[in-house]
Amino acid sequence: MPNPTAAMLVIGDEILSGRTRDANMYHLAGVLTEHGIDLKEVRVVSDDADAIVAAVRALSDAYDTVVTSGGIGPTHDDITADCVAAAFGLHIDVRDDAAKLLGDHYAAQGKEFNDARKRMARIPDTATLIDNPVSIAPGFKVKNVHVMAGVPSVFRAMVESMMPTLTGGAPLISETVPLARGEGDVAAPLGAIADKYPDLSIGSYPYQKDGLYGTNIVFRGTDTAKLAAAADELRAIFPQ
């Protein structure tokens with residue numbers, strides 16, 4: 001039985017402009033891999049409502065789990081929550097449970113729970129809250145879409161809160177075979193091995209070191225025996 005699938009939607013003009021380097025995809029990919037969930041697609045969209053709504057709908061239809069990152073803060077351009085509500089035709093407003101979490105948090109700090117901060121309590125009516133132990137403002141889940149913050153420390157905490165709710169599969173394992181050969185030498189026999197082991201993902205990654213060219217071949221899959229057999233066949237063809 002194939003592993004469950006996932007997609008990620010990264011939201012924000014700051015990512016597309018190059019002003020901010022995204023770290024959340026790297027973290028999410030590693031966690032999902034450990035739990036046997038295959039991350040199949042990552043999209044990056046601007047702070048544009050139509051683009052966000054369209055991407056949420058498309059990814060939700062195509063994959064078992066969708067994780068969004070960014071756009072749930074207190075400023076005018078934080079529109080992700082409203083867009084997710086629109087994507088599924090849901091009503092959204094400041095919700096009592098989220099408002100209490102945030103109100104108590106700011107009261108304990110002696111800060112005003114002002115209108116800007118109340119924006120972070122705007123949650124679709126039927127959504128389930130995702131715990132945020134770092135800065136309290138919750139994420140939420142609607143259907144199979146998990147809406148998370150963009151700040152890496154908060155995103156990681158929300159992922160930790162989310163993972164127990166997901167059903168995983170067989171953990172993906174990998175084996176790397178380094179070859180002191182260029183990709184042109186490796187391509188034909190590697191293609192034959194790939195045809196023989198269709199259940200494996202086989203990647204070819206060229207490198208240059210000290211003026212010499214080589215290729216790292218990475219085998220990925222859930223079947224340890226097939227993984228070892230494919231790697232051994234390649235080593236037999238190109239003994240080091």
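## Exercises on two sheets and a helix pair

In this predicted model, leucine 9 stands opposite arginine 43 in strand β2. The exercises below start from that pairing and work outwards.

**Exercise 1.** Work out which residues of β2 stand opposite alanine 7 and leucine 9, and how many bridges join β1 to β2.

*Solution.* Begin with the pair already named, in which leucine 9 faces arginine 43 of β2. Next, look at alanine 7, whose bridge partner in β2 is glutamate 41. Finally, take the two strands as a whole: β1, residues 5-11, and β2 run parallel and are joined by 7 bridges.

**Exercise 2.** Find how β1 pairs with β3, and place both strands in the order of their sheet.

*Solution.* On the β3 side, valine 10 stands opposite serine 69, and the pairing of β1 with β3 is parallel, with 5 bridges. The open sheet has 6 strands in the order β2-β1-β3-β8-β7-β6, and its pairing is mixed. The edge strands are β2 (38-45) and β6 (128-130), each of which pairs on one side only. Between neighbouring strands of this sheet the average turn is 20°, with direction ignored.

**Exercise 3.** Decide whether the residues of β1 are buried or exposed, and sort them by the way they point.

*Solution.* As a general step, side chains in a regular strand alternate between the two faces of the sheet. In β1, Thr5, Ala7, Leu9 and Ile11 point one way, while Ala6, Met8 and Val10 point the other way, and all are buried. The count for the strand is accordingly 7 of its 7 residues buried, and β1 is mostly covered.

**Exercise 4.** Describe the 3-stranded sheet, saying which strands stand at its edges and which helices pack on it.

*Solution.* The strand order of this open sheet is β9-β11-β10, with antiparallel pairing. Strands β9 (173-179) and β10 (201-209) each have a single partner strand, so one side of each has no neighbour in the sheet. Here too, neighbouring strands are turned by 20° against each other on average, direction ignored. Between β9 and β11 (residues 212-221) there are 7 bridges in the antiparallel sense, and isoleucine 173 has glycine 221 of β11 as its bridge partner. Helix α8 (residues 183-196) packs on the sheet and touches β9, β10 and β11, its direction making about 165° with that of β10. Helix α9 (residues 224-237) also packs on this sheet, touching β9 and β11, and its direction makes about 5° with that of β9.

**Exercise 5.** Characterise the crossing of helices α3 and α4, then list the residues that make the contact.

*Solution.* First take the geometry: the axes of α3 (residues 49-62) and α4 (residues 80-87) come within 9 Å and cross at roughly 55°. An angle counts as oblique when it is outside the roughly parallel, perpendicular and antiparallel ranges, and α3 and α4 are therefore oblique to each other. The handedness of their crossing is right-handed. From α3, the contact is made by Ala49, Ile52, Val53, Val56 and Arg57, and from α4 by Cys83, Val84, Ala86 and Ala87. Sorted by class, this contact has 8 nonpolar residues, no polar residues and 1 charged residue.

Definitions and conventions:
Residues are numbered from 1 along each chain as its sequence is written. This is a predicted model: local features need pLDDT of at least 70, side-chain atom pairs count only at pLDDT 80 or more; totals for chains, interfaces and linings use all residues. Side-chain values use heavy atoms; hydrogens and water are left out. Axes are lines fitted to C-alpha atoms, for helices over the stretch in contact, and angles run from 0 to 180 degrees between N-to-C directions. Helices (H or I, at least four residues) and strands (E, at least two) are DSSP runs, numbered from the N terminus. Angles under 35 degrees count as roughly parallel, over 145 as roughly antiparallel, 65 to 115 as roughly perpendicular and the rest as oblique. A crossing is left-handed if the near helix is turned anticlockwise from the far one by less than a right angle, and right-handed if clockwise. Contact means heavy atoms within 4.5 Å. Ala, Val, Leu, Ile, Met, Phe, Trp, Tyr, Cys and Pro count as nonpolar, Asp, Glu, Lys and Arg as charged, and the others, Gly among them, as polar. Two strands pair if DSSP finds at least two bridges between them. Buried means under 20% relative accessible area, exposed over 50%, partly exposed in between (1.4 Å probe, protein chains only).
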